[in-house]
Amino acid sequence: MRSYVAAVLLGVVACVLTGCGDDDPFEAYCDEVEAQQQALSDKLAEQDATSLIDALPEFEKLREKSPDDLRDEWDTVTSRIGALEDALEDAGVDPATYDRKKPPSGLTDEQRSEIEAAARALATPEMVAALDGVEQQARDVCRTPLVI
């Protein structure tokens with residue numbers, strides 16, 4: 001019985017010292033959702049070949065502020081967009097002008113395969129689920145959509 005009381009007292013002391021219960025664990029994330037909403041809306045509204053790559057810096061900021069239960073989804077989003085950006089950059093290809101049917105001269109088969117694999121990874125059920133998850137969390141917890 002005494003060890004139970006000691007554990008409770010230690011828990012109370014730890015709570016007082018760390019300020020538990022004082023802060024909303026989602027506050028920083030929700031603040032970031034609001035801060036990035038306009039930039040994401042502007043970049044994603046264009047719906048062109050570079051929209052997701054253009055939005056990567058905002059997605060990465062959201063990932064950094066995301067709660068633990070959402071980190072896997074943000075990791076999926078940012079890593080897959082980042083992989084496409086890297087594949088294009090490594091090949092020296094401008095994302096805005098890349099045409100899969102008419103690849104630029106000098107592009108190797110390996111570079112083309114890497115670009116295509118990274119692009120396909122953006123259209124998988126896992127990516128769709130991750131995007132749906134981060135959007136739903138923003139709406140449910142922050143009461144703010146990622147884009148307007």
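This note walks through a predicted model, starting at its nonpolar core and moving out to a few loop and end residues.

1. **The core.** The largest nonpolar core holds 29 residues. Trp74, Ile81 and Ile115 have the most contacts inside it. Five helices each supply at least two of its residues: H2 (27-45), H3 (51-65), H4 (71-90), H5 (109-121) and H6. The largest share comes from H4, with six residues.

2. **Trp74.** Which residues does Trp74 contact, leaving aside its neighbours within four places in sequence? They are Tyr29, Phe59, Leu62, Arg63, Ser66, Val134 and Leu146. Trp74 is thus worth a look when you open the core, as one of the residues with the most contacts there.

3. **Thr50.** Thr50 sits in the loop between H2 and H3. Is Thr50 buried or exposed? Its relative accessibility is 12%, under the 20% limit, so Thr50 counts as buried. Not counting residues up to four places away in sequence, Thr50 touches Pro95 and Ala96. Thr50 and Pro95 are 45 residues apart in sequence, yet their C-alpha atoms are 6.1 Å apart in space.

4. **Gln47.** The loop between H2 and H3 also contains Gln47. Gln47 has a relative accessible area of 69%, over the 50% limit, so this residue is exposed. Its backbone deserves a check. Most residues other than glycine have a negative phi. Gln47 is not a glycine, but its phi is positive, at about 45°.

5. **Arg143.** Arg143 lies in the segment after H6. Here too phi is positive in a residue other than glycine, with a value near 60°. At 68% relative accessibility, Arg143 is over the 50% limit and therefore counts as exposed.

6. **Thr144.** Thr144 is placed in the segment after helix H6 (125-142). Its relative accessible area is 8%, under the 20% limit, so Thr144 is buried. What does the side chain of Thr144 have 3.1 Å from one of its polar atoms? The backbone oxygen of Cys142 lies there. Beyond its neighbours within four places in sequence, Thr144 is in contact with Val33, Glu34, Gln37, Ala138 and Arg139.

7. **Two pairs to compare.** In the loop between H2 and H3, Gln47 is exposed, whereas Thr50 is buried. In the segment after H6, Arg143 is exposed, whereas Thr144 is buried. The exposed residue of each pair has a positive phi: about 45° for Gln47 and near 60° for Arg143.

Terms used: Residues are numbered from 1 along each chain as its sequence is written. This is a predicted model: local features need pLDDT of at least 70, side-chain atom pairs count only at pLDDT 80 or more; totals for chains, interfaces and linings use all residues. Side-chain values use heavy atoms; hydrogens and water are left out. Helices (H or I, at least four residues) and strands (E, at least two) are DSSP runs, numbered from the N terminus. Buried means under 20% relative accessible area, exposed over 50%, partly exposed in between (1.4 Å probe, protein chains only). A polar contact is a pair of N or O atoms within 3.5 Å; within protein, one must be able to donate a hydrogen and the other to accept it, and residues adjacent in sequence count only if both atoms are side-chain atoms. Contact means heavy atoms within 4.5 Å. A nonpolar core is a set of buried Ala, Val, Leu, Ile, Met, Phe, Trp, Tyr and Cys residues joined through side-chain atoms within 4.5 Å.
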